[in-house]
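Work through the exercises below with the sequence and the model side by side. Try each task before reading its solution.

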Amino acid sequence: MAHVLAVDIGGTKLAAALVDEEGSASRSGTRPTPRTDVMTALAALIEEVTGGGPPAVAVGVGCAGPLDLAAGTVSPVNMPSWRGFPLRDEVRKVTGLPTVLAGDAQCFALGEHWLGAGRGSDSLLGIVVSTGIGGGLVIDGAPLLGPTGNAGHVGHMSIDPYGERCTCGGRGCVEHYASGPNLVRWALANGWTPEDDPTKADARLLAEAAVAGEPVAVAAFERGARALAGMIASTAAAVEVSTVVVGGGVSAAGKVLFEPLERALDDVAGLAFVRAVRVRQSTLGVRASLAGAANLAWQTFASASRS
């Protein structure tokens, strides 16, 4: 059976796998992302995964952005050693295989559509809620990447044109209200203090406090959920997605995020096709982006080679 090589590159870890047409990985591996000389570490990981395994026919790469799809370059915010780095060409040199590149959140959406919580949906918005907020769109089964490869960047949709200034330079971005660090920032500013060590405040501790009913923690998640709901409703109105899959570290908060999100979406959504959107929690978790990178390779190259 034919395989593709899937690669997922983030600021914390590198992952790779050989994946067949059904989505099963025959070989896989991970390693920490080094501060410098990332490509050497990635080449070693690729050799580890592919050496002695079934031959791959193509490579799909998902990487943190921003990226330039036409040039095949990436400039991940949390990987300072890569600025305008020609990732697609470098992976092609290492593997000798046709290589396609997309953003990691776009791959997350494609992976959930292929094998996860969005399986069977006609159109899907995938959202990764973590240190930042990323997103990706799958329309009629195909990823919507955009001219530069940055389509679906929903974390920087403005849900309040008079709102607070975001680090991106915009105003009222959903990321400024609903990402993990910004949930914590607002909670601390409004009187929440972790019981153990205030200097270690993070979204996980905030979620635990919300589960325990701490009022400020609960309010922080409700505020973040309302920002997410505004973004989801706006995206649904523009693109008519039928399914939204939410992943990332903050999604692990569970009910304290998803219950206020459902209430807020019910409040802000008006038109019937917008209200019809179904929000689901990721079922693939950290495997989603790798699955999406594999599917991207299958869609782009492997199917064409068989025709």
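**Exercise 1. Find which residues Gly292 touches, leaving out those up to four places away in sequence.**

Solution. Contact here means heavy atoms within 4.5 Å. With residues up to four places away in sequence set aside, Gly292 touches Cys107, Leu110 and Gly111. Next, place the glycine: Gly292 sits in helix α10. Helices (H or I, at least four residues) and strands (E, at least two) are DSSP runs, numbered from the N terminus. Then check the distance to His113. The two residues are 179 apart along the chain, yet the C-alpha atoms of Gly292 and His113 are separated by 8.3 Å. Finally, classify the site. Gly292 is buried because its relative accessibility is 0%. Buried means under 20% relative accessible area, exposed over 50%, and partly exposed in between (1.4 Å probe, protein chains only).

A note on the model. It is predicted, so local features need pLDDT of at least 70 and side-chain atom pairs count only at pLDDT 80 or more, while totals for chains, interfaces and linings use all residues. Residues are numbered from 1 along each chain as its sequence is written, and side-chain values use heavy atoms, with hydrogens and water left out.

**Exercise 2. Determine which members of the largest nonpolar core touch the most other members.**

Solution. Start with the term: a nonpolar core is a set of buried Ala, Val, Leu, Ile, Met, Phe, Trp, Tyr and Cys residues joined through side-chain atoms within 4.5 Å. The largest such core holds 54 residues, and Leu5, Ile9, Leu42, Trp82 and Leu87 touch the most other members. Now list contributors. Elements that each supply at least two residues include β1 (3-9), α1 (38-50), α2 (87-95) and α10 (288-306). Helix α10 gives the most, with eight residues. Take Leu42 as a sample: beyond its neighbours within four places in sequence, Leu42 contacts Val7, Ile9, Leu14, Leu87 and Val91. A second, separate core has 45 residues, among them Ala187, Ala225, Met231 and Val241.

**Exercise 3. Decide whether the radius of gyration of the protein chain agrees or disagrees with that of a compact globule.**

Solution. The radius is taken over C-alpha atoms, and the globule rule is 2.2 Å times the number of residues to the power 0.38. For 307 residues the rule gives a value near 19 Å; the protein chain has 19 Å, so the two agree. Add the extents: the C-alpha trace spans about 55 × 45 × 35 Å along its principal axes. Count the elements: 10 helices and 12 strands. Buried residues make up 50% of the 307.
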